[in-house]
Amino acid sequence: MTTHSEHRTPTLSWTVTPEPFTTQDATALRRAYYAEIAGRYWKRQVTETEIDQGLLDFPDDGLVPPTGQFVVGRLHGEPLACGGIRLLDPLTAELTRVYVDPRARGTGGGAALLKVLEAEARALGAERVRLDTRSDLVEARALYARHGYAEIPAYNSDPYAQHWFEKHLS
């Protein structure tokens, strides 16, 4: 399953493509994602050891076909965004690891990621996409709301989740 999409604005060009989460670029982005979410949660910079442990505690092994997919977003060829989709059940996919480097926020990278991840969810047979997030991840919550995700009751018991969203795919 290789969905390819580009998001273009007058001066910026994003390309988002599926990529194994184990590549050098994907690994660097996953580490940056974890460093940011853990750092915000703990209100301090995290160590490399803490990042290593976090990646072990929350593995990305479900983000591979036939049950999921990982994507990397590149702005003018530079890897600056990533995200994953995985099936929770045959009709429900879950967004996870959605990250845009702070230097590239506001350039359309989040929208480009969502477009491709939703296409990947459809290709997996999903009719809806869910996700969970925290209150302090205000940029993420705003992105999801802008793209048609509505808040729903909790669908999991993740101790770090404070908001749950869902979007029906058409």
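With which residue does R31 form a salt bridge, and how far apart are the closest N and O atoms? R31 pairs with D52, and the closest N and O atoms are 2.6 Å apart. The term salt bridge denotes a side-chain nitrogen of Lys or Arg within 4 Å of a carboxyl oxygen of Asp or Glu. The structure is a predicted model, in which local features need pLDDT of at least 70 and side-chain atom pairs count only at pLDDT 80 or more, whereas totals for chains, interfaces and linings use all residues. Residues are numbered from 1 along each chain as its sequence is written, and side-chain values use heavy atoms, with hydrogens and water left out.

Across the whole structure, a search identifies 16 salt bridges. The pair of R31 and D52 links distant parts of the chain, with R31 in helix α1 (residues 24–42) and D52 in helix α2 (residues 48–57), 21 residues apart. Helices (H or I, at least four residues) and strands (E, at least two) are DSSP runs, numbered from the N terminus. D52 has a relative accessibility of 38% and therefore counts as partly exposed; buried means under 20% relative accessible area, exposed over 50%, and partly exposed in between (1.4 Å probe, protein chains only).

A further salt bridge joins the side chains of R40 and E139, at 2.8 Å from N to O. Because R40 lies in helix α1 and E139 in helix α4 (residues 138–146), this pair ties together parts that are 99 residues apart in sequence. R40 is partly exposed, with a relative accessible area of 23%, and E139 is likewise partly exposed, at 38%. Both residues belong to a network of salt bridges that links E36, R40, R105 and E139.

The side chains of R86 and E94 also meet in a salt bridge, with an N to O distance of 3.0 Å. In this pair, R86 is partly exposed at 22% relative accessibility, whereas E94 is buried, with a relative accessible area of 6%.

Helix α2, which contains D52, was also examined for burial. I51, G54 and L55 are the buried residues reported for α2. These residues cover an arc of only 95° around the axis, and so lie on the same side of α2; the arc is that of the directions from the helix axis to the C-beta atoms. T49 and L56, on the other side of α2, are exposed. The buried residues of α2 pack against α1, where contact means heavy atoms within 4.5 Å. Helices α1 and α2 are thus connected both by this packing and by the salt bridge between R31 and D52.
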